[in-house]
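Please find below my notes on the charged and polar side-chain pairs, set out as numbered points for discussion.

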Amino acid sequence: MVALRWLAGAFMALLLTAPALQAVQISLPAVTAAPGEKVRVPVQISALAAGDEILSSNMDMRFDAGVILLDSVKVDRKSALASSWIVAANVRKVPNGGVNDGQVLIGAATARDKITSAGTFFFIELKVAADAPIGSSSALSIQTVLLNNG
């Protein structure tokens, strides 16, 4: 098995119309997959304070493109809080990065179907390289998150 270590830890302060600052946590669970296996990883969002809402998001995630196939990374909204949102993802090698530095930039927005509760924001689908060495790992790390344009 190839261990995929997902780094939780994109803690962002969410400033909304409410007078207080509410911390919202975006997290990823730990996942293990075999070489050649497809994986669907839920991107979780924590509870929001009463009256708060999310209408847009920009996210930068990084991964090891030597373990996760670059062209397999996709965003899936089915059965997620952002199921009716418009979502665009740009998967690429990190500019001026190392040979295996993968990046997915995700932009998402809605005009009416705001998120007001905890749950699965959306899913990241990916495939482990068939030739990934047994015991290798890749962290899918959230570098930055911007909610409601900051």
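**Salt bridges and a buried threonine**

1. A network of salt bridges links Arg40, Asp76, Lys78 and Glu125. As a caution for what follows, this is a predicted model, and in it the count of salt bridges comes to six.

2. Within that network, Arg40 and Glu125 form a salt bridge whose closest N and O atoms are 3.8 Å apart. Arg40 belongs to strand β5 (residues 38–45) and Glu125 to strand β10, so this pair ties together parts that are 85 residues apart in sequence. Arg40 is partly exposed at 38% relative accessibility, and Glu125 likewise counts as partly exposed, at 27%.

3. A salt bridge also joins the side chains of Lys114 and Glu53, at 3.4 Å from N to O. Because Lys114 lies in the loop between β9 (101–109) and β10, while Glu53 lies in the loop between β5 and β6 (56–64), the pair ties together parts that are 61 residues apart in sequence. Lys114 has a relative accessible area of 43% and is partly exposed; Glu53, at 27%, is partly exposed as well.

4. The side chains of Asp60 and Arg62 meet in a salt bridge of 2.9 Å, N to O. Here Asp60 counts as buried, at 10% relative accessibility, whereas Arg62 is partly exposed, at 25%.

5. Strand β10 (residues 119–127) also holds Thr120, which counts as buried because its relative accessibility is 18%, under the 20% cut-off. The Thr120 side chain makes a polar contact of 2.9 Å with the side chain of Gln44. Leaving aside residues up to four places away in sequence, Thr120 touches Pro42, Val43, Gln44, Ala80 and Leu81.

Technical notes. Residues numbered from 1 in each chain as written. Predicted model: local features only at pLDDT ≥ 70, side-chain atom pairs only at ≥ 80, totals over all residues. Heavy atoms only, no water. Helix = DSSP H or I, 4+ residues; strand = E, 2+ residues; numbered from the N terminus. Buried < 20%, exposed > 50% of the residue type's maximum accessible area, 1.4 Å probe, protein only. Polar contact = N/O pair within 3.5 Å; in protein donor to acceptor, adjacent residues only side chain to side chain. Contact = heavy atoms within 4.5 Å. Salt bridge = Lys/Arg side-chain N within 4 Å of Asp/Glu carboxyl O.
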